[in-house]
Structures are given as structure tokens and as C-alpha cells.
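Please open the model in your viewer with side chains available as sticks, and keep a selection box at hand. The stops below are meant to be followed in order, each with something to select and something to look for.

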Amino acid sequence: MAGFFAVVAYIPDPLGSFLNGLRAELVPGCALRSHLTILPPRRLASGPETLSEELERLVKELPAFEVGLGDVEVFDSTGVIYLSLASGRENVTQLHDALNHGVLFAEDPFPFHPHVTIAQSLGPLPFDEVLALARRRWQECRLPRQFTVAELTLVRNVNPFCWEDLSTHALAPVTLLRTA
């Protein structure tokens, strides 16, 4: 069954819960979980089972890694408000490139730019007010701004504002070598 799919890394709590609340505050009614997009939404011809099997095959050898979130920024071409990556950007790009082939391949409509979306499809508030609120709330956040990308989730678009989780896949654990 063809459809629109994406691959994301959900942001773990407590940072994930904070960002979920921020998204809902900035865009009332937004129920999307905060995530780092690895493969942006794409129309794929294969069904969920085939996509899930391929994702499992690809990620089992790829190591988990740390990501640090940076500043609130804006994509000028779309007006999407997002958090930049202060660290881990190269790892995310490498992961995107490793997964974007075969049955998961699609031409991205924009150059791949790792980020965490915090507001899009804004409601009645003026854009400048939403952006100022996003920056203020992010500055007030006292939680650690880094997290481990340890698993990826294949999601399918159900309607414009709803994605369903299809399968979750663990990345290889990071092993540290001990030296004497």
C-alpha cells in the first residue's frame, strides 16, 4: 500500500515533553510529538512491512549518537520555526544519507537540513509574536538540551496533521573501549 512515510527520532523525556508542550502553545491544537526528522515525508511505493524490514536491516549496524539542540531559527522559504542542531548534525546527515536509498529513497523537496520543528501552519497569532514566544520559552528552558538518538520510528501520514507510528528500530548501542 503506497503512501506518505517518514523516519523520525522522537525526543526523549523530559526534553521531549517540554518541546511537545511548546509546540502546543505555539500552534494551538498541535498534537505532533517532538522529533528529529531523519527521512522527511515522502511518497513511497512499498508497503509498511517492506519499509519496516528494510529500515531494520539498515539501522542494526548504525551506532546511536548524541545530538545537542541550538537556537530557535526560521526557514525563510516556508516560515517554519525550528531548533537548530548545536552538535550531532554530521551524524544526522550521515544517517539520512545511509537510509535514503532503495525502497526508502525519495528526492527531498528541499536540501536536507537537520532540525527540530517547533511551529508550522501557524494559527491566528502574528508570526513575529509566535517567533518571539518560541525564543523566550526556549531561553527559559533549564533542561539539558542534548539527547541520544538510539532508535528510529517509521511513520505514515494519516491526514495533514496526523502521523501514525508503524515500527521502531534500535540503532546499535555505542560501546566504549576501556584503556588501561
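Contact here means that heavy atoms lie within 4.5 Å of one another. Keep in mind throughout that this is a predicted model.

**Stop 1: the nonpolar core**

Begin by selecting L36 and everything around it; leaving aside neighbours within four places in sequence, L36 is in contact with V7, V8, A9, I11, V67, L85, V92, H115, V116, F147 and V149. L36 is also one of the residues with the most contacts inside the largest nonpolar core, where it is listed with L19, L69, L99 and L152. That core has 44 residues, and its largest share, 5 residues, comes from helix α4, which you can select as residues 127-140.

**Stop 2: a cis peptide bond**

Most peptide bonds are trans. Now select D13 and P14, which are joined by a cis peptide bond with an omega of about 10 degrees. To place P14 in the fold, colour β1 (3-10) and α1 (15-26), since P14 sits in the loop between them.

**Stop 3: a buried arginine in helix α1**

Move into helix α1 and select R23. Where is the nearest side chain of opposite charge to R23? It belongs to D165 and is 12 Å away, and R23, although buried, has no salt bridge. Not counting residues up to four places away in sequence, the residues that R23 touches are C30, L32, R33, S34, H35, T117 and I118.

From that list, carry R33 forward and add Y10 to the selection: the charged end of R33 sits over the ring of Y10, at 3.6 Å from the ring centre.

**Stop 4: a glycine between β4 and α3**

Select G88, in the loop between β4 (80-87) and α3 (89-99). Is G88 buried or exposed? Its relative accessible area is 14%, so with the cut-off for burial at under 20%, G88 counts as buried. Outside the four places on either side in sequence, G88 is in contact with F65, E66 and V67. If you draw a distance from the C-alpha atom of G88 to that of I11, which is 77 residues away along the chain, it should read 14 Å.

**Stop 5: salt bridges**

Side chains of opposite charge can pair when their charged atoms come close. How many salt bridges does the structure hold? There are 6, and the next selections take you through several of them.

Select D108 and R42, whose closest N and O atoms are 2.7 Å apart in a salt bridge. This pair links distant parts of the chain, with D108 in the loop between α3 and β5 (116-119) and R42 in strand β2 (residues 35-44), 66 residues apart. R42 is buried, at 3% relative accessibility.

Go next to helix α2 (residues 48-59), where E54 and R57 are separated by about one helical turn because they are 3 residues apart. Their side chains meet in a salt bridge with an N to O distance of 2.8 Å. E54 is buried, having a relative accessible area of 15%, whereas R57 is partly exposed at 46%.

Then select E164 and R156, whose side chains also meet in a salt bridge, 2.6 Å from N to O. In this pair R156 is buried, with a relative accessible area of 16%, while E164 is partly exposed at 30%. Finally, highlight E25, R137 and E140 together, which are joined into one network by salt bridges that share partners.

**Stop 6: aromatic rings**

The count of aromatic pairs comes to 2. For one of them, select F18 and W138, a tilted pair with 6.3 Å centre to centre and 40 degrees between the planes. Because F18 lies in helix α1 and W138 in helix α4, this pair ties together parts that are 120 residues apart in sequence. F18 is partly exposed, with a relative accessible area of 25%, but W138 is buried at 3%.

Select F75 and Y82 as well: the ring centres are 4.1 Å apart and the planes lie at 20 degrees, so the pair is stacked. Both F75 and Y82 are buried.

To finish, return to W138 and add R145, whose charged end sits over the ring of W138, 4.0 Å from its centre.

How values were computed
Residues are numbered from 1 along each chain as its sequence is written. This is a predicted model: local features need pLDDT of at least 70, side-chain atom pairs count only at pLDDT 80 or more; totals for chains, interfaces and linings use all residues. Side-chain values use heavy atoms; hydrogens and water are left out. A nonpolar core is a set of buried Ala, Val, Leu, Ile, Met, Phe, Trp, Tyr and Cys residues joined through side-chain atoms within 4.5 Å. Buried means under 20% relative accessible area, exposed over 50%, partly exposed in between (1.4 Å probe, protein chains only). Helices (H or I, at least four residues) and strands (E, at least two) are DSSP runs, numbered from the N terminus. Lys and Arg count as positive and Asp and Glu as negative; His and the chain ends are not counted. A salt bridge is a side-chain nitrogen of Lys or Arg within 4 Å of a carboxyl oxygen of Asp or Glu. Rings of Phe, Tyr and Trp (its six-membered ring) pair if their centres lie within 6.5 Å; planes under 30 degrees apart count as stacked, over 60 as edge-to-face and the rest as tilted. A charge sits over a ring if NZ of Lys or CZ of Arg is within 6 Å of the ring centre and within 35 degrees of the ring normal.
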